[in-house]
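Good morning, and thank you for coming. Please look at the sequence and the structure on the screen as I speak.

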Amino acid sequence: MPPTTSSGEPVRVLVVDDQELFRRGLTMLLGVESGIEVVGEAGDGDEGAALAAACAPDVVLLDIRMPKRTGLEACTAIKEAVPSAKIIMLTVSDEEADLYEAVKSGASGYLLKDSSIEEVAQAVRVVADGQSLISPSMAVKLIDEFKQMSRPEREAPGGLRLTERELEVLRLVAKGLNNREVAKQLFISENTVKNHVRNILEKLQLHSRMEAVMYAVREKLLDIP
């Protein structure tokens, strides 16, 4: 099934990387993928942020190490200019400390630069569908960080409670599982998982799956060691 937006249009992708050969190669390969349209490419963080604001892509592939403006700074700027854009950080290692900050700044996850074009296309499909691209090992590290964060000053509105099924879904999302994997674990449909995630976000008045995990850890809703 080719990656498309909910309207059926191709997923519009922006590639931002200072390594010209890598950037142009990725742009060329993605350009021939069904259901994906590369709307631009940029060689540094400043140019990437400006181009994102101008063309409002669905997905941004963003290098974490760049001149002029780092990937982390560009991530923040892009999310401010185009809140609907989903950002995938490009990195040579999943041990990059900045990746945690990037996810907390609004990135939907990360992708290793040695990934195959099939993996890149699948990553674009996953985040365009509203899911997070977080590996189980990254999820554990993020949860450990969130545990150290202080309790938020703004409390969620009183009386809001997640159902047992919603808590089950949230626990699996917190472990880094995508919608398909959650559905398989709970023996429910992928569409049902999407509905549960949407209900969780609405109840907690949050904007992303990762924010929901952060909230759940802070409020001790998860039985994660």
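Which residue in β5 does I88 stand opposite? The residue is G109. Please keep in mind that this is a predicted model.

Let me place that pair in its surroundings. Strand β4 covers residues 86-91, and 4 bridges join β4 to β5. These two strands run parallel. As a general point, the strands of a sheet pair through backbone hydrogen bonds, and the pairing may be parallel or antiparallel.

Now to the whole sheet. It is an open sheet formed by 5 strands, and reading across, the order is β2-β1-β3-β4-β5, with parallel pairing. At the edges we find β2, residues 36-42, and β5, residues 109-112, each of which pairs on one side only. From one strand to the next, the twist averages 25°.

A helix accompanies this sheet. Helix α1, residues 20-31, lies across β1, β2, β3 and β4. Relative to β2, helix α1 runs at about 165°.

I turn finally to the cavities. The structure holds 2 cavities of 30 Å³ or more, and I shall describe the second largest, whose volume is about 40 Å³. Its lining consists of L170, V173, V197, I200, L201, R209 and A212. Three helices, α7 (164-174), α9 (190-204) and α10 (209-218), each supply at least two residues of this lining. Which helix gives the largest share? That is α9, with 3 residues. In character, the lining divides into 6 nonpolar residues, no polar residues and 1 charged residue.

Thank you for your attention.

Key: Residues are numbered from 1 along each chain as its sequence is written. This is a predicted model: local features need pLDDT of at least 70, side-chain atom pairs count only at pLDDT 80 or more; totals for chains, interfaces and linings use all residues. Side-chain values use heavy atoms; hydrogens and water are left out. Two strands pair if DSSP finds at least two bridges between them. Helices (H or I, at least four residues) and strands (E, at least two) are DSSP runs, numbered from the N terminus. Axes are lines fitted to C-alpha atoms, for helices over the stretch in contact, and angles run from 0 to 180 degrees between N-to-C directions. Contact means heavy atoms within 4.5 Å. On a 1 Å grid over the protein atoms alone, a cavity is a set of points where a 1.4 Å probe fits but cannot get out, and a pocket is an open set with protein on both sides within 12 Å along at least five of seven lines; lining residues have an atom within 4 Å of a point. Grid points are joined across faces, edges and corners, and a volume is the space filled by probe spheres set on the points. Ala, Val, Leu, Ile, Met, Phe, Trp, Tyr, Cys and Pro count as nonpolar, Asp, Glu, Lys and Arg as charged, and the others, Gly among them, as polar.
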